[in-house]
Amino acid sequence: MELNEVLAKRVSSRSFNELVIEDNVIEEILLAGEKAPVARGLYDELLFIIIKGNKVKLLRNRLISLMGKDPFYKANCLILLASKGNKDYLNYANAGAIIENMHLKATEDNIGSLYIYGATPFINDDNDIRKMLGLEPEYKSIGILALGHIDVELTGKKHSIARKIIL
């Protein structure tokens, strides 16, 4: 698929079926994330945590008890991005770039994907979740990509952002 076609089809998915994402597909998505630019080249401050199977269900249930809703929309694979960097503005810029690259790769493979931020403070503040995920004290969650197979072809949405040209 050409880049412009991937960009046109890229959309946040909020409805996933129960088919399991194959390990080789997850690996390709992770490689796309690793190709993203990272502020100051500090790749060694970042960590991917891949959450699959029963651990997704346990995490979902715990977060539902804390948040009152399913933040993952029944996705069955999660890629949590964690950082041990202490500059939030850099962490969130890094998360945006990395997760968008992974979104684009998922779109190319017609895999549904959704950038999750709202659950990150709950993950960071809950010792039971941190223990379940093996999230060491020096790391904090800075974003999550939820992944799942979908029952429709991705078609994207038309968006526009106002423009101002200064000459």
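Q: Which residue follows α4, and what sign is its phi?
A: Asn110 follows α4, and its phi is positive, near 55°. Helices (H or I, at least four residues) and strands (E, at least two) are DSSP runs, numbered from the N terminus.

Q: What sort of model is this, and what are the ground rules?
A: This is a predicted model: local features need pLDDT of at least 70, side-chain atom pairs count only at pLDDT 80 or more, and totals for chains, interfaces and linings use all residues. Residues are numbered from 1 along each chain as its sequence is written, and side-chain values use heavy atoms, with hydrogens and water left out.

Q: Back to α4. What span should its 21 residues have?
A: At 1.5 Å a residue, they should span 30 Å. The end C-alpha atoms of α4 are 30 Å apart, which agrees. The expected span is 1.5 Å times one less than the number of residues.

Q: Which residues of α4 are buried?
A: Among them are Leu90, Ile98, Ile99, Met102 and Leu104. Polar names are there too, including Asn91, Asn94, His103 and Lys105. Buried means under 20% relative accessible area, exposed over 50%, partly exposed in between (1.4 Å probe, protein chains only).

Q: What do they pack against?
A: The buried residues of α4 pack against α1 (3-9), α2, β1, β2, β3 (112-116) and β4. Contact means heavy atoms within 4.5 Å.

Q: Now α2. Which residues are buried there?
A: Val25, Ile26, Ile29, Leu30, Ala32 and Gly33.

Q: Where do they sit around the helix?
A: Seen down the axis of α2, the buried residues fall within an arc of 155°, so they line one face of the helix. The arc is that of the directions from the helix axis to the C-beta atoms.

Q: And what do they pack against?
A: The buried residues of α2 pack against β1 (46-52), β2 (77-83), α4 (88-108) and β4 (140-148).

Q: Switching topic. Where is Asp70?
A: Asp70 is in the loop between α3 (54-67) and β2.

Q: Buried or exposed?
A: At 18% relative accessibility, Asp70 counts as buried.

Q: What does Asp70 touch?
A: Asp70 touches Arg60 and Ile64, not counting residues up to four places away in sequence. Asp70 and Ala119 are 49 residues apart in sequence and 9.5 Å apart in space, C-alpha to C-alpha.

Q: Where is Gly118, then?
A: Gly118 lies in the loop between β3 and α5 (120-125). Gly118 is partly exposed, with a relative accessible area of 42%.
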